[in-house]
Amino acid sequence: MQINKYKKNDILELDIVDMTNEGLGISKLYGQVFFVKDALIGDKVEVLITKITSSIIYAKTTSIIKESKDRVKAECSVANACGGCKLLSLNYQKQLELKKEYTLTCMSKIGRFGMSPHQGVIGANKIYNFRNKMQIPFAMRDGVIVYGFYAGRTHHIIEFENCVTGFNGSKLILDTIKGALKKFNLSIYDEKMQSGVFREVMLRKGNETGEVSITYILNDNNYKKHFDLYKKFDEYIVSTCNFAYHSDESSRRGEHCEPVVTIVTSTININTKNNNTILGNENIILHGKGYIEDSIGDVKYHISPESFYQVNSEMTKKLYDKIVEYGDFKGDENVLDLYCGIGTISLYVAKKVKSIVGVEVVKKAIENAKENAVLNSIDNVYFLEANLETDGDILDDVVTEKFKSGIDVVIVDPPRKGLDELTINYIKKIRPEKLIYVSCNPATLARDLDILCHAEMRNDEIVHNDSKHEPSYRLVNMINIDMFPHTMHVECVVLMSKANT
Ligand SMILES: C[S@@+](CC[C@H](N)C(=O)[O-])C[C@H]1O[C@@H](n2cnc3c(N)ncnc32)[C@H](O)[C@@H]1O
């Protein structure tokens with residue numbers, strides 16, 4: 001009803017009372033909901049209506065009439081245009097409050113949990129330069145090579161001077177690559193024409209070791225023919241960056257000479273598809289071992305470019321410590337670690353339990369996981385390469401063989417889309433005493449816990465069973481961990497225990 005009152009390009013004044021999980025300001029005017037770009041909770045803004053849908057009006061801020069008391073100076077000149085850090089202008093404590101509120105709203109509205117026990121949010125000590133991984137697209141604009149982040153929902157590159165969340169030293173590498181592209185006359189990929197070679201670069205840095213890997217993502221099926229050129233290109237970048245030293249006062253006096261970065265390996269990744277996936281399937285080592293080494297606590301890891309590794313190392317340790325706390329392991333547990341990546345969680349808890357099986361779909365990640373077990377002299381883990389969406393039988397066979405006395409604890413750490421039907425039904429079938437759910441998406445987390453506790457999943461449909469009063473699992477505790485300062489993304493760890501039914 002309200003929507004008829006407004007039309008596109010109308011200008012109005014709004015008070016922002018909340019934020020969406022995508023970082024848009026929320027305003028309500030006589031029952032009508034507005035989502036407002038570039039506005040923060042507590043702001044009074046003038047806006048221009050950009051789009052009207054059946055229930056929501058979208059608008060963008062044209063000026064701030066009164067600033068929120070929680071506004072702080074953004075440490076990045078392209079924060080609004082880039083959109084990677086939508087909360088950069090919001091005081092950090094307020095960011096944490098919003099993340100907690102969003103999680104609890106998902107738990108009540110989507111998960112149908114009345115009151116959720118919640119231990120709060122563990123905030124980051126380091127809110128700048130915390131990312132250990134950067135994926136940066138390159139393009140040609142008006143005859144000049146540019147790199148940066150894509151502005152939200154577009155493929156328009158916003159250049160940055162020095163990304164405030166990226167790891168120290170990343171700017172040196174990116175600028176050197178930009179110079180080398182020109183020097184070696186490598187063509188830049190053009191999405192529209194689907195021509196040119198150089199698409200993106202992926203950088204990773206070990207937080208503890210400082211080791212850096214570079215992955216050049218290339219649109220080149222004929223890479224073998226150009227291999228020598230790519231090797232020379234890489235040698236130039238590695239030697240330029242590895243011989244750059246910090247130029248602070250003590251370095252200048254010759255007291256110590258710290259290199260800015262230490263690139264230990266480079267790979268090329270071949271991606272010739274014209275879609276949004278960053279990495280293709282083929283990886284070729286240009287120099288080094290093809291992986292970096294890093295550690296979390298006292299566990300060492302080999303990390304290949306195609307393997308998942310949490311992007312915020314400081315907070316990863318806090319996350320894994322919380323898993324250990326929620327597990328309250330006595331040493332005699334059989335543990336199943338689903339979506340195990342390179343075995344990070346399995347190996348972190350291995351010494352505290354009897355045995356673990358880790359399951360993961362990416363072949364290279366399983367190879368890393370097995371190497372990582374050897375690297376840490378851990379022999380009570382078994383890593384299985386399987387697709388949890390389709391390989392239920394394989395999983396069942398391995399679990400039955402490895403865990404004759406049954407499974408006590410299941411840890412799941414799925415991607416943003418959460419668990420699929422097969423996995424939820426498998427957990428319901430094996431009924432472990434404890435389930436520890438690690439999630440980077442409170443909405444899918446709440447949906448999955450609802451199915452686990454209050455519903456059935458049949459042919460991709462959620463069927464609620466409200467007549468059944470006692471749920472099969474109980475929500476014991478949960479906590480948020482802030483892996484991604486300045487964004488609305490938040491990690492959750494949840495402890496569920498089997499109800500006595
Ligand atoms: C959020 S990551 C967690 C990785 C690991 N637990 C960690 O802490 O580093 C999710 C992992 O699930 C894997 N994955 C995604 N879909 C999968 C599937 N259908 N079956 C098995 N693993 C899958 C991804 O490759 C990724 O390694």
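In the predicted model, the buried residues of helix α6 are Ser-313, Met-315, Thr-316, Leu-319, Tyr-320, Lys-322, Ile-323 and Tyr-326. Viewed down the axis of α6, these buried residues fall within an arc of 165°, so they line one face of the helix. The elements against which they pack are β16 (292–296), α7 (344–349), β21 (409–412), β22 (434–439), β25 (473–481) and β26 (491–498). Helix α6 itself comprises 15 residues, 313–327, and reaches 21 Å from its first C-alpha to its last, close to the 21 Å expected at 1.5 Å a residue. The residue that follows α6 is Asp-328, whose phi is positive, near 45°.

Helix α10 (residues 421–430) can be described in a similar way, with Thr-423, Ile-424 and Ile-427 buried. The buried residues of α10 fall within an arc of 100° when seen down the helix axis, so they line one face of the helix. Their packing partners are β18, β21, β22, α11 (442–454) and β23 (455–458), and α10 is followed by Arg-431, whose phi is positive, near 45°.

Several of the strands named above belong to an open sheet of 8 strands, arranged in the order β7-β25-β26-β22-β21-β18-β19-β20 with mixed pairing. Strands β7 (121–122) and β20 (381–385) stand at the edges of this sheet, each with a single partner strand, so one side of each is left without a neighbour in the sheet. Within the sheet, strand β18 (residues 334–338) and strand β19 (residues 355–360) run parallel and are joined by 5 bridges, with Gly-358 in β19 serving as the bridge partner of Asp-337.

The loop between α9 (392–402) and β21 contains Ile-407, which has 19 C-beta neighbours inside 10 Å and therefore counts as partly exposed, given that 20 or more are needed for a buried residue. When residues up to four places away in sequence are not counted, Ile-407 touches Asn-334, Leu-336, Val-399, Ile-430 and Pro-432; of these contacts, Asn-334 and Leu-336 lie within the range of β18, and Ile-430 lies within that of α10. The C-alpha atoms of Ile-407 and Ser-355 are separated by 9.8 Å, although the two residues are 52 residues apart along the chain.

A second open sheet is formed by 6 strands in the order β1-β5-β6-β4-β3-β2, again with mixed pairing. Its edges are occupied by β1 (11–15) and β2 (18–19), each of which has a single partner strand, so one side of each is left without a neighbour in the sheet. Strands β5 (residues 44–52) and β6 (residues 56–66) pair in the antiparallel sense over 8 bridges, and the bridge partner of Val-47 in β6 is Thr-61.

The loop between β4 (32–37) and β5 holds Asp-38, a residue that has a positive phi of about 60° although it is not a glycine. Most residues other than glycine have a negative phi. Asp-38 is buried, with 21 other C-beta atoms within 10 Å. A positive phi, near 50°, is also found at Asp-142, which is located in the loop between β8 and β9 (144–147); with 5 C-beta neighbours inside 10 Å, however, Asp-142 counts as exposed.

Strand β12 (residues 198–205) is mostly covered, in that 7 of its 8 residues are buried. Strand β8 (residues 133–141) runs antiparallel to β12 and is joined to it by 5 bridges, while 7 bridges join β12 to strand β13 (residues 211–218), also in an antiparallel arrangement. Leu-203 takes part in both pairings, as the bridge partner of Met-134 and as a residue whose partner in β13 is Ile-214. Strands β12 and β13 form a hairpin with 5 residues between them, and Gly-210 in the turn has a positive phi of about 80°.

The ligand is surrounded by 18 residues, of which the closest are Phe-308, Tyr-339, Gly-341, Val-361 and Leu-388. By class, the shell around the ligand consists of 11 nonpolar, 4 polar and 3 charged residues.

Key:
Residues numbered from 1 in each chain as written. Predicted model: local features only at pLDDT ≥ 70, side-chain atom pairs only at ≥ 80, totals over all residues. Helix = DSSP H or I, 4+ residues; strand = E, 2+ residues; numbered from the N terminus. Expected span 1.5 Å × (residues − 1). Buried ≥ 20, exposed ≤ 12 C-beta atoms within 10 Å, placed from the backbone. Arc of directions from axis to C-beta. Contact = placed C-beta atoms within 7 Å. Near = placed C-beta within 6 Å. Nonpolar A, V, L, I, M, F, W, Y, C, P; charged D, E, K, R; others polar. Pairing = 2+ DSSP bridges.
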